[in-house]
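Student: Please give me a close look at the aromatic side chains and their surroundings.

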Amino acid sequence: MARVLSTAIVLALLAATAGAFALTEGAKLERSPIYGTRVDPLFSPNGKAHPVANIAFRVRTRERIDVWIESTDGHKVTELLKNRATRPRQLVSVVWDAFTPSGIAARDGVYRPVVKLVRSHRTIVLPSDIRLDTVAPKIRAHLANKYPIISPDGDGHGDSLRIPYTVNEPAHGILLLRGKQVVYTNGQKLTGVLVWSGRRRGKGLRPGRYLLSVAAQDRAGNRSKAVPVAIAQIRYVVLARQRVVVKPGRKFALRVSTDAPTVEWRLHGRSGVQRSGTLHFTSPKSAGVYRLYVSAGNHTAVCAVVVA
């Protein structure tokens, strides 16, 4: 009799174990009622890149749903949908703009979208967190000369200006010319170099002085305020004087500013090549007003030579 009872108990335990295993495997094979989830992981209402958090998912069966945003400690922040009827496999899209029902912006931090299936009496926390970040990055430029000179003529001498920078978080570096963006880095690193070739919208700029500022934009789209870093001068060839008065047949000097090693000149039928720096000439023997042309590459400066 005892042997029969022992056998019966063993058989009962085996049956219970098999049943539990079957239930477990069945639960594993059961499809989730929500699928196709897409959630923006990061956003900022202060930025243009990602001003809202988009949340999208599909409901597998006919349902009525509630959708809300909650903090990591389970506190409900705002409700996005209430008792919304859905069809099988319908795409549901909602947007969170970071504001609560009272109109106050939520604090920076991590939040979770939650879906409640009213008919099925199930609440599902979507597996994608949302980070709200409204703090702009800080950028610092490292430029020793605040009044740099560039000559973007393509001769390989001083064609561009390089501005090294650092940021306090991964962000795009931005260079602004008189308040207008001219350079935007592709990468989002803690250090980088902004390179400006004296162009705006693909066109070369006229000689002159230009205010340059830097800014940074982080992954959430927050952009820092522009910080002035330099007053850059675009210069090709500049003469120290635009008018020289000299006696007939006398020697005179004129300084030229250019990054070209040599310059070409023309004066009253004569021409030549001299090293950049201080140029030396002999004035015409007849009184009059003559034009002295000094060229570096495709750029020319003119000086009036008054012989009297």
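Tutor: Let's fix one term: buried means under 20% relative accessible area, exposed over 50%, and partly exposed in between (1.4 Å probe, protein chains only). This is a predicted model, where local features need pLDDT of at least 70 and side-chain atom pairs count only at pLDDT 80 or more, while totals for chains, interfaces and linings use all residues. Numbering starts from 1 along each chain as its sequence is written, and side-chain values use heavy atoms, leaving out hydrogens and water.

Ile231 has a relative accessible area of 35%, so it counts as partly exposed. Ile231 belongs to strand S18 (residues 227-234); strands are DSSP runs of E, at least two residues, numbered from the N terminus. Together with Tyr147 and Leu211, Ile231 makes a nonpolar surface patch of about 300 Å² (residues with over 30% relative accessible area and no salt bridge, nonpolar side chains joined within 5 Å; areas by Shrake-Rupley, 1.4 Å probe; salt bridge: Lys or Arg side-chain nitrogen within 4 Å of an Asp or Glu carboxyl oxygen).

Now the rings: there are five aromatic pairs (centres within 6.5 Å; planes under 30 degrees apart are stacked, over 60 edge-to-face, the rest tilted). Trp196 and Tyr210 are edge-to-face, because their ring centres are 6.4 Å apart and their planes sit at 65°. That pair links distant parts of the chain, 14 residues apart: Trp196 in strand S14 (residues 189-196) and Tyr210 in strand S17 (residues 208-218). Both Trp196 and Tyr210 are buried. Elsewhere, ring pairs join Phe43, Trp96 and Tyr111 into a cluster.

Charges sit over rings too (NZ of Lys or CZ of Arg within 6 Å of the ring centre and within 35 degrees of the ring normal). Lys76 lies over the face of Trp68, 4.3 Å from the ring centre, and the charged end of Arg266 sits over the Tyr293 ring, 4.6 Å from its centre.

Technical notes
Patches are made of residues with over 30% relative accessible area and no salt bridge: like charges are joined within 9 Å, nonpolar side chains (Val, Leu, Ile, Met, Phe, Trp, Tyr) within 5 Å. Helices (H or I, at least four residues) and strands (E, at least two) are DSSP runs, numbered from the N terminus. Rings of Phe, Tyr and Trp (its six-membered ring) pair if their centres lie within 6.5 Å; planes under 30 degrees apart count as stacked, over 60 as edge-to-face and the rest as tilted.
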